[in-house]
Amino acid sequence: MEFLTVKLTDPSVEAAIKICTVGSLYGSIAFEKDKQEEYIDTFRDDNFQFDCYCIWCRKGSTFKTFRQGNHHNSYLYATSNGILSGSFTALLKCQREQTHVYSYFFKWTSQSITKVGQFPSLEDIASSDIQRFRPVLEPSYFSDLHRAGGLFSHGVGAGSFVYLRRIFERLIIRHHEELAAPIDKFATMRMDEKIDALKSVLPSALVENKAAYGILSKGVHELDEETCRKHFPVVRAAIIAILEEDLQVREKRKAAEDLRKAIAAAAGDVNGSQP
């Protein structure tokens, strides 16, 4: 999942995209006092958009803000104890199919914007996006990947890391099991050593950034909830990178086998038609 692919232009746009696409519920954007209009205007801009998986198209798409009636978004302003605050909704349409709308709900103060709801949920988006990995991930670990996304979408950081770590470790073990010749003393190696030993069959980005597992391991035992939530998208992306490559390998093998059968059938027809 991965969740998004975007071109970032300025801090307010980057923050807005992140809170929509990878920010868990009640995650916030913090900014200097009285800068709320600048950040809210980002969501109000007709050109605000990002790339994200569409659960109805079942593929990646671009989502873009749109005007609803005479108002771009709904804003409610209130004053509590002399502190200006309010709420607003950001609505974005899928550019593949205009009836597909993602909705985001925010509360704001003079120093922050907090996501208080969205539809579809992060869990809905993530679980739809990972369906394609069922052929390359055992059912129990597929369920773990789904649970990790669900926990993160509800603001649970360390708990989501537990499931990601289980999946990561399983994928490393499975890649070793699939080697023609086992690596000597593989079971006693540290995880970074295992990744190095399997560099020929793992994504280069993961091999070059072995620290992903260290973040997972530390998150389970030491990091606080906020830090785990902050780094969840990164470590999840490392797992998705492995699954993406596994899926590509599987599809190439299937295509090669289909071609072999087609050639064999064609050769049989040609040879059979000769006198």
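Buried here means under 20% relative accessible area, exposed means over 50%, and partly exposed lies in between. Keep those cut-offs in mind, and remember that this is a predicted model.

**Stop 1: Ser-127 and the largest cavity**

Select Ser-127 in helix 3, residues 122-129. Is Ser-127 buried or exposed? Its relative accessible area is 13%, which is under 20%, so Ser-127 is buried. Now show the backbone of Asp-124. The backbone oxygen of Asp-124 lies 3.1 Å from a polar atom of the Ser-127 side chain.

Keep Ser-127 selected and add the other residues around the largest cavity. Its lining consists of Glu-123, Ala-126, Ser-127, Ile-130, Leu-145, His-146, Gly-149, Gly-150 and Arg-236. Helix 3 and helix 4 (139-153) are the elements that give two or more residues to this lining. Helix 4 supplies the largest share, four residues. The space inside is about 50 Å³.

**Stop 2: the cis peptide bond before helix 3**

Step back along the chain to Pro-120. Pro-120 sits in the loop between strand 8 (112-119) and helix 3. Look at the bond that joins Phe-119 to Pro-120: this peptide bond is cis, with omega about -5°.

**Stop 3: a nonpolar patch on the surface**

Stay on Phe-119, then add Tyr-26, Trp-56, Phe-105 and Val-116. Together these five residues make a nonpolar surface patch of about 510 Å².

Zoom in on Trp-56. It belongs to the loop between strand 3 (49-54) and strand 4 (59-65). Its relative accessible area is 38%, so Trp-56 is partly exposed.

Move to Tyr-26, in the loop between helix 1 (11-21) and strand 2 (28-30). Tyr-26 is exposed, at 56% relative accessible area. Check its backbone as well: phi is positive, about 70°, although Tyr-26 is not a glycine.

**Stop 4: Arg-58 and His-100**

Where does Arg-58 lie? Arg-58 is in the loop between strand 3 and strand 4. Its phi is near 60°, again a positive value in a residue other than glycine. Arg-58 counts as exposed, at 67% relative accessibility.

Next, select His-100. This residue lies in the loop between strand 6 (83-94) and strand 7 (101-109). His-100 is buried, with a relative accessible area of 15%. Put a distance label between the C-alpha atoms of His-100 and Cys-54. The label should read 8.0 Å, for two residues 46 apart along the chain.

**Stop 5: helix 1**

Select helix 1. How many of its 11 residues are buried? Eight are, and the helix is mostly covered. The buried residues are Ser-12, Val-13, Ala-15, Ala-16, Ile-17, Ile-19, Cys-20 and Thr-21.

Now pick out Glu-14 and Lys-18. They form a salt bridge, with the closest N and O atoms 3.2 Å apart. Why are these two separated by about one helical turn? Because they are four residues apart in helix 1. An α-helix has 3.6 residues a turn, so residues three or four places apart point the same way. Glu-14 is partly exposed, at 29% relative accessible area. Lys-18 also counts as partly exposed, at 44%.

**Stop 6: salt bridges around helix 5**

The whole structure holds 14 salt bridges. For another one, go to helix 5 (158-177) and select Arg-165 and Glu-169. Their side chains meet in a salt bridge at 3.0 Å, N to O. These two are four residues apart in helix 5, so about one helical turn separates them. Glu-169 is partly exposed, at 27% relative accessible area.

Then select Glu-138 and Arg-174. This salt bridge has its closest N and O atoms 3.5 Å apart. The pair links distant parts of the chain: Glu-138 is in the loop between helix 3 and helix 4, and Arg-174 is in helix 5, 36 residues away. Glu-138 counts as partly exposed at 22% relative accessibility, whereas Arg-174 is buried at 11%.

Widen the selection to Arg-170, Glu-177, Glu-178 and Asp-246. Salt bridges with shared partners join these residues, Glu-138 and Arg-174 into one network.

**Stop 7: the second largest pocket**

Keep Arg-174, Glu-178 and Asp-246 on screen. They are among the residues that line the second largest pocket, including also Pro-135, His-175, Leu-179, Val-201 and Arg-253. The pocket volume is about 290 Å³. Helix 5 and helix 9 (225-273) are the elements that give two or more residues to the lining. Which element gives the largest share? Helix 9 does, with five residues.

How values were computed: Residues numbered from 1 in each chain as written. Predicted model: local features only at pLDDT ≥ 70, side-chain atom pairs only at ≥ 80, totals over all residues. Heavy atoms only, no water. Patch = residues over 30% accessible without salt bridge, like charges linked within 9 Å, V, L, I, M, F, W, Y side chains within 5 Å. Areas by Shrake-Rupley, 256 points an atom, 1.4 Å probe, with all protein chains shown as cover. Salt bridge = Lys/Arg side-chain N within 4 Å of Asp/Glu carboxyl O. Buried < 20%, exposed > 50% of the residue type's maximum accessible area, 1.4 Å probe, protein only. Polar contact = N/O pair within 3.5 Å; in protein donor to acceptor, adjacent residues only side chain to side chain. 1 Å grid on protein atoms, 1.4 Å probe; cavity = no way out; pocket = protein on both sides within 12 Å on 5 of 7 lines; lining within 4 Å. Points joined across faces, edges and corners; volume = space filled by probe spheres on them.
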